[in-house]
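This briefing describes one protein chain for a reader who is new to structures. Please look at the sequence and the model before reading the points that follow.

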Amino acid sequence: WQKRFAAIEQPTEQGVAVVADGGCIIVSGTASGDGSVLRLGPGGEVLWHRTYGGSSGDTFRAVHRAKDGGWLVGGATDSYGASDAWLLQLTSSGSIQWQQSFGGSKIDSVRSVRATEDGGCIVAADTGSVGSGAGDIWILKFSASGAIQWQKTYGSAQTDEPTALQATRDGGFVMTGRFAGVISGGGDMWI
């Protein structure tokens, strides 16, 4: 099947996750400046569509199934912070269980989120506010209730950014990213 969803208004920063029933969930931003979550059934039918945000620009780019059957959704917000990273945990039908914005005076944004075995999640964000470079990789661990348990930045004096993140069974994680610091000419993949 294929579908066109004109109501989403030029989606940006899209992320997608497959659902066990054969459907999918798509996250994005809209032209009107809200974060959008669209849940489709196995035949492409819209099961629900919700937008989230406030009076300023908000967008989503990452989604993953939470351990409780809901959804972890991440992106960036100007409504709940000044260009801050934004993380929400939604119920399976899209209601907000909790949300957290985090960052500083520069641009910060969630790039990837993954559920962890303890019911929380791990997030890879890019940050201009935290760390020592022009832009660093920011890894944060959240509890099941949305509290930050720990955080760490990685990077060089250049602009580095995460591209993917996966939690491991032993409680660790594997992260890939773009490392702009000089290892072998700059712009290297970093694992």
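**Overall picture**

About 9000 Å² of the protein chain is exposed, and carbon and sulfur atoms supply 49% of that area. The model is predicted. The protein chain holds 15 strands and zero helices, so the points below deal with strands, their pairing and the loops between them.

**Size and packing**

- Taken along the principal axes, the box filled by the C-alpha atoms of the protein chain is roughly 50 × 40 × 30 Å.
- The radius of gyration of the protein chain is 16 Å, which agrees with a compact globule, because 191 residues in such a globule would give a value near 16 Å.
- Of the 191 residues, 46% count as buried, where buried means under 20% relative accessible area.
- Among contacts between residues at least 6 apart in sequence, 36% join residues at least 24 apart.

**The hairpin of β3 and β4**

- Strand β3 covers residues 35–40 and strand β4 covers residues 46–52. The two run antiparallel and are joined by six bridges.
- One residue pair shows how the strands line up: R39 has W48 in β4 as its bridge partner.
- Five residues lie between the strands of this hairpin, and G44 takes a positive phi near 85°.

**The open sheet from β5 to β8**

- Four strands form an open sheet in the order β5-β6-β7-β8, and the pairing is antiparallel.
- At the edges are β5 (58–65) and β8 (96–102), each of which pairs on one side only.
- From one strand to the next, the twist averages 20°.
- Strand β7 spans residues 84–90 and pairs with β8 over six bridges, in the antiparallel sense. Within this pairing, W86 has S101 in β8 as its bridge partner.

**S83, in the loop before β7**

- The loop between β6 (71–77) and β7 contains S83.
- What is notable about the phi of S83? The angle is near 55°, a positive value in a residue other than glycine.
- Most residues other than glycine have a negative phi.
- Is S83 buried or exposed? S83 counts as partly exposed because its relative accessibility is 24%, and the partly exposed class lies between the buried limit of 20% and the exposed limit of 50%.

**β10 and its two partners**

- Strand β9 (residues 108–115) runs antiparallel to β10, and seven bridges join them. In this pairing, D108 has T127 in β10 as its bridge partner.
- The hairpin of β9 and β10 has five residues between the strands, and G119 there takes a positive phi near 90°.
- Strand β11 (residues 136–142) also pairs with β10 in the antiparallel sense, over seven bridges. Here D126 stands opposite I137 in β11.
- How many of the residues of β10 are buried? Strand β10 covers residues 121–127, and seven of its seven residues are buried.
- Both faces of β10 are covered. On one side are C121, V123, A125 and T127, and on the other are I122, A124 and D126, all of them buried.
- Two residues of β10 named in the pairings appear again here: T127, the bridge partner of D108, and D126, which stands opposite I137, are both buried.

Conventions
Residues are numbered from 1 along each chain as its sequence is written. This is a predicted model: local features need pLDDT of at least 70, side-chain atom pairs count only at pLDDT 80 or more; totals for chains, interfaces and linings use all residues. Side-chain values use heavy atoms; hydrogens and water are left out. Two strands pair if DSSP finds at least two bridges between them. Axes are lines fitted to C-alpha atoms, for helices over the stretch in contact, and angles run from 0 to 180 degrees between N-to-C directions. Buried means under 20% relative accessible area, exposed over 50%, partly exposed in between (1.4 Å probe, protein chains only). The radius of gyration is taken over C-alpha atoms; the globule rule is 2.2 Å times the number of residues to the power 0.38. Contact means heavy atoms within 4.5 Å. Accessible areas come from the Shrake-Rupley method with a 1.4 Å probe; for residues, only the protein chains shown count as cover.
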